[in-house]
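Let's take a walk through a protein model together. Have a look at it below, turn it around a little, and then read on.

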Amino acid sequence: SDVYKRQALDYFQGKFEGHNVAFYLPIPFMLSSIIFAVLTVLYGKISNLGTRISLSIVFIGIFMIGLTVTAALLPNTLGFYVCLGISFLLGGASAINNSSNDGLVSMFPHNYIARYFVGTGISGLSMNFLGVAFSLIIGNGPSTITITSICYFSVAALFLIICFFLYRYFQNTRFA
């Protein structure tokens, strides 16, 4: 996973030369995560749990693709600042998704909660494995980093779309 994390940062650093991407790109994500986590009660009153989970999944996918496409298409400084904005939005959507998922799973018996957290761990490990697999299959050099990163983020977005439909299916089961 460290290989892919380094490569993803290399992708953005290569697109935004002269900017300290590894330092600055996570800041808006973390800042908005904190802000949206604090506002959990407020947006919990505005929309129901199902809507928050569904919409946050969709927006996370859009923002992930947006980061990659923005880095590929916009010039250096403009692209960097747009990516910082997208990173802020991605952090907010992630915070809404995480708090909503945790709220949903807290309604289940403890053995389901344990399975949920095992599933999230497996999900993280499998996405890291996928990044490494793309690096091994496509290549790990400067000439292939763009296609490797676009493939990774696209597959991650595809998994989010699948999660969206699985969640919609879940809403029609006896557990919903």
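What follows goes from helices to a helix cap, then to pockets, a few single residues and the cysteines.

Before we start, keep in mind that this is a predicted model. A good place to begin is helix H5, which runs from residue 49 to 73. H5 has 25 residues, and its first and last C-alpha atoms are 36 Å apart, close to the 36 Å expected at 1.5 Å a residue. Now find H8, residues 145-170. This helix has 26 residues and reaches 37 Å between its end C-alphas, close to the 38 Å you'd expect at 1.5 Å a residue.

Which residues of H8 are buried? They are Ile 145, Thr 148, Ser 149, Tyr 152, Phe 153, Ala 156, Ala 157, Leu 160 and Tyr 167. Hang on to Leu 160, as we'll run into that residue again when we get to the pockets.

Back to H5, and to the spot just ahead of it. Asn 48 sits in the loop between helix H4 (40-46) and H5. What does Asn 48 do at the N-terminal end of H5? It caps that end, with a side-chain oxygen 3.1 Å from the backbone nitrogen of Gly 50. Another backbone nitrogen is in reach as well: that of Thr 51 lies 2.7 Å from a polar atom of the Asn 48 side chain. Is Asn 48 buried or exposed? Neither, quite: Asn 48 counts as partly exposed because its relative accessibility is 48%, and that label covers values between the 20% limit for buried and the 50% limit for exposed.

Gly 50, the partner in that cap, belongs to H5 itself. With a relative accessibility of 9%, Gly 50 counts as buried. To get a feel for distances, try two pairs. Gly 50 and Ser 123 are 73 residues apart along the chain, and their C-alpha atoms are separated by 21 Å. Asn 48 and Phe 134 are 86 residues apart in sequence, with 37 Å between their C-alphas.

Next, the empty spaces. How can you find them? Rolling a probe the size of a water molecule over the atoms shows where empty space is left. The largest pocket here has a volume of about 2100 Å³. Its lining is made of 47 residues, and those nearest its centre are Ile 60, Asn 97, Asn 98, Ser 123 and Leu 160. Which elements give two or more residues to this lining? They are helix H1 (2-15), helix H3 (26-38), H5, helix H6 (76-105), helix H7 (110-138) and H8. Sorted by class, the lining has 31 nonpolar, 14 polar and two charged residues.

The second largest pocket has a volume of about 190 Å³. There are 13 residues around it, with Arg 52, Leu 55, Ser 56, Phe 59 and Ile 96 lying nearest its centre. H4, H5 and H6 each supply at least two lining residues, and the largest share, six residues, comes from H5. By class, this lining divides into nine nonpolar, three polar and one charged.

Now for a couple of single residues. His 19 is in the loop between H1 and helix H2 (21-24). Its relative accessible area is 16%, so His 19 is buried. Its side chain has a partner, too: a polar contact of 3.5 Å joins His 19 to the side chain of Thr 77. Over in helix H6 you'll find Leu 104, which counts as buried at 17% relative accessibility. Leu 104 and Ile 53 are 51 residues apart in sequence, yet their C-alphas are 9.2 Å apart in space.

Last stop: the cysteines. A disulfide is a covalent bond between the sulfur atoms of two cysteines. How many disulfides does a search of the whole structure find? Zero. Why does Cys 83 have no bond to its closest cysteine sulfur? That sulfur is in Cys 151, 18 Å away, which is too far. Cys 163 tells a similar story, because its closest cysteine sulfur, in Cys 151, is 19 Å away and too far for a bond. As for their surroundings, Cys 83 counts as buried at 0% relative accessibility, whereas Cys 163 is partly exposed at 38%.

Methods:
Residues numbered from 1 in each chain as written. Predicted model: local features only at pLDDT ≥ 70, side-chain atom pairs only at ≥ 80, totals over all residues. Heavy atoms only, no water. Helix = DSSP H or I, 4+ residues; strand = E, 2+ residues; numbered from the N terminus. Expected span 1.5 Å × (residues − 1). Buried < 20%, exposed > 50% of the residue type's maximum accessible area, 1.4 Å probe, protein only. Polar contact = N/O pair within 3.5 Å; in protein donor to acceptor, adjacent residues only side chain to side chain. Disulfide = S-S within 2.5 Å. 1 Å grid on protein atoms, 1.4 Å probe; cavity = no way out; pocket = protein on both sides within 12 Å on 5 of 7 lines; lining within 4 Å. Points joined across faces, edges and corners; volume = space filled by probe spheres on them. Nonpolar A, V, L, I, M, F, W, Y, C, P; charged D, E, K, R; others polar.
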